[in-house]
Amino acid sequence: MKKSYKGFYPLLYVIAGCCVLLTALSWFVHPLLCAAMGVVSAGVVAVAWWMIAGLRRRAFQVIDVVASDITFERGAAIQSFPLPTAVTAADGEILWHNGLFAAIFGKGEGDCFSDGLSRLISGFNLAKAKQPTGCPVRIGDRFFSAFAAVSLREGRETSVIYLCETTKLKRDSIEYLQSRPCIFSILVDNYDDILQSYKESEKARVTGEVERSLEEFVGRQNGILIKMNNRRFFAVVEYRYMHKIIEERFPILDDVRKITVDGKVPITVSIGVGMQPDSLTGNLETSRHALDMALGRGGDQVAVKTVNGYDFYGGVSKGVEKRTKVRARIIASALLELCKIHRQVIIMGHRFSDMDSVGSSAGLCRGLRLLGIDAFVAVDRQTTLSAPLIEQIGAAGFESLFVDAAAARDLVDDETLVVVMDTHAKPMVEVPELLERCKSVVVIDHHRKRVDYIENAVIFYHEPYSSSASEMVAELLQYLGDGEKEVEAVFAEALLAGLVLDTKNFAVKTGVKTFEAAGYLRSLGADTVEVKRLFSSTMEDFQNRTAIVTGAHVYKSCAIAKSPDDIPDIRVVSAQAADELLEISDVRASFVLFSQGSQVNISARSLGQLNVQLILESLGGGGHHTMAGAQLRETSLDTAVKMLEKSIDLYYEQNHIQ
């Protein structure tokens, strides 16, 4: 310590020498100036000497305080303490340290006094260091736990800081986290449906190409691939590779999609990823749930289970229709048995119910009543978008089928079966209280699966490949009671109206089963002219719709229009305007925005080239590939348009669309 403070004396000599030199030079200017300079120089030298002496005196006072309780043996023990140790003042000034402490920073003994603890160890927290767990700190590429013992003597606070190295423990912990297994549940979506009529050689070719693509993908991640059968695979990949895979947005989807049958129909896969639980069995179960979620959203995508829910990647292609009717027959039988053991059935659709929601609900309700089951349809007549359909059914003598929300709440009890139609999201149902008061729930829906789906459903009949809920109900009616009793023509027209609405007059999302359902409904007496009249609108609505279409602008092949605030029946008009915007050339999707109070609603449509569901999901909306919607709260129309354009940009970027 004395040696360190002797280094200040040369500085004092330099100051004194400079003062003498300046005093001598001032003699040649003026004798009085020389005298004045002499006095000033003497004062400067005296003050410098006094400050150095005071610093030396205070330093030794602190040293005396620190060392007053340390005998020779204790001092030697502290100096040879096997842990890096330092003694600091209350302000963090280092008063003493051993050699191990200095060696951490690549300094010699005594070289850390001028730096201070906060400068040497960034992020050090004395309060945390006082706790039994210590304060984790990082010094260079090494990790330590800092512990502090504080003492108070003669009003002065000093702390003894110990550093315990945890570098190996930290690196082992990181390696443990990075090497955790992530399980992929992989399913080839359309293998059986596409290849069932092809030769074995073609099946072998497609299977081989799919396996090769999966093996190359998993091999790049140093993982393992397990084949269960031609359709199902499992893969195990370490967590360290997941960041890169997610950043690349699972390129295996594009690789498999390049494999085609006859050069036309692409093969697609769905993948569920489990990467959260610590156990292999838990991870496997999570991956299976994630795969179910991916399939429920139409397939050709990846669902990754995270702490906050699910993240989805892909899903840009159209779903492939399932041609088999086996599941419909099984569901019809199970639904009928379930209805028979309940006192009554209440069917409800989604809020602001449309033709598909009301038509499918009414059709199923009438089918159950023909089998002697007490069934009702809960609908809000104030907000429904299908008032003409409800009036037509009522005029045919079936007004008793419909009950309002208040009556439905009074009717429901523990012996009531609630059937949710044309939605599977809890926040979207017509009367949410019914789900809380009943014990049994059945869900029948065709929309792509959302995270907030109804989890406790006894029967979850979900077909994202179907065009509409009306198509699904038309299939069920053929098997309910073995088709002994058929519904009246007015209900066939209601179901056909739902088909026409969701397929845009059989232009989008139609398959073989769609036309089979339409043919079945036509055989029941459905009049296509009467269905057409249900979609007729007033001259005022036509003019408002034309005004919305006229004010639209095109952004990246997407037509975006804002609706005025004073249009009555704005929900119906906006949906019709969105359909008409698709008739413009080079428009691949349409979005109509309208405000209601502080909320902006978005109605989206497409012809299948763009997935409007994925575009609106980033804004909190949902739906399916060609029809979706979203609600933005506390937002203006102009702000909502900017948010929508950013969401379109994100969709184009993530799916590499030009």
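## A guided tour, starting from Ala628

Select Ala628 in this predicted model and display its surroundings: setting aside residues up to four places away in sequence, Ala628 touches Ile602, Ser603, Ala604, Arg605, Val612, Gln613, Leu616, Gly622 and Gly623. Ala628 belongs to strand S25, which covers residues 627–633, and with a relative accessible area of 8% the residue is buried, because the limit for that class is under 20%. If you draw a C-alpha to C-alpha distance from Ala628 to Ser606, you should read 9.0 Å, although 22 residues separate the two in sequence.

**The sheet around S25**

Next, colour strand S23, residues 599–606, together with S25; the two pair in the antiparallel sense over seven bridges. To see one of the pairings, pick Asn601, whose bridge partner in S25 is Gln631.

Now widen the selection to the whole sheet, in which six strands are arranged in the order S20-S21-S22-S23-S25-S24, forming an open sheet with mixed pairing. Which strands are at the edges? They are strand S20 (553–555) and strand S24 (622–624), each of which pairs on one side only. Looking along the sheet, you can follow a twist that averages 20° from one strand to the next.

Then add helix H26, residues 637–654, which lies across S20, strand S21 (558–562), strand S22 (589–596), S23 and S25, and which runs at about 170° to S21.

**Ser574 and helix H24**

From the sheet, move to Ser574, which is found in helix H24. Is Ser574 buried or exposed? At 1% relative accessibility, Ser574 counts as buried. Apart from neighbours within four places in sequence, Ser574 is in contact with Val592, Phe594 and Ser603; Ser603 is also among the residues that Ala628 touches, so showing Ser574 and Ala628 together brings out a contact partner that appears in both lists.

Stay with helix H24 (residues 570–581) and select Glu580, which is linked there to Arg545 in helix H23 (residues 539–550), 35 residues apart from it in sequence. The side chains of Arg545 and Glu580 meet in a salt bridge, with 2.6 Å from N to O. The two ends differ in their exposure class: Arg545 is buried, with a relative accessible area of 7%, whereas Glu580 is partly exposed, at 26%.

**Two further salt bridges**

Side chains of opposite charge can pair when their charged atoms come close. The count for this model comes to 21 salt bridges, and two more of them can be visited by selecting the loop between helix H17 and strand S17.

Begin with Glu415, which forms a salt bridge with Arg343, the closest N and O atoms being 3.8 Å apart. This pair links distant parts of the chain, since Glu415 is in the loop between helix H17 (405–411) and strand S17 (416–421), while Arg343 is in the loop between helix H14 (326–340) and strand S14 (344–348), 72 residues apart. Both residues are partly exposed, Glu415 with a relative accessible area of 47% and Arg343 at 43%.

Then select Asp414, whose salt-bridge partner is Lys439, with the closest N and O atoms 4.0 Å apart. Lys439 lies in the loop between helix H18 (433–437) and strand S18 (440–445), and Asp414 in the loop between H17 and S17, so this pair ties together parts that are 25 residues apart in sequence. Lys439 counts as exposed at 61% relative accessibility, while Asp414 is partly exposed at 46%.

**A nonpolar patch on the surface**

For a last local stop, go to helix H2 (residues 9–27) and select Leu22, which has its place there and is partly exposed, with a relative accessible area of 47%. Add Leu21, Leu25, Trp27 and Phe28 to the selection, and you have the nonpolar surface patch that these residues form with Leu22, with about 610 Å² of accessible area together.

**The whole chain**

Finally, zoom out to the full protein chain, which has 26 helices and 25 strands. Of its 658 residues, 48% are buried, and the accessible surface comes to about 31900 Å², of which 55% belongs to carbon and sulfur atoms. Among the contacts with a separation of 6 or more, residues 24 or more positions apart account for 64%.

Technical notes
Residues numbered from 1 in each chain as written. Predicted model: local features only at pLDDT ≥ 70, side-chain atom pairs only at ≥ 80, totals over all residues. Heavy atoms only, no water. Helix = DSSP H or I, 4+ residues; strand = E, 2+ residues; numbered from the N terminus. Buried < 20%, exposed > 50% of the residue type's maximum accessible area, 1.4 Å probe, protein only. Contact = heavy atoms within 4.5 Å. Patch = residues over 30% accessible without salt bridge, like charges linked within 9 Å, V, L, I, M, F, W, Y side chains within 5 Å. Areas by Shrake-Rupley, 256 points an atom, 1.4 Å probe, with all protein chains shown as cover. Pairing = 2+ DSSP bridges. Axes fitted to C-alpha atoms, helices over the stretch in contact; angles between N-to-C directions.
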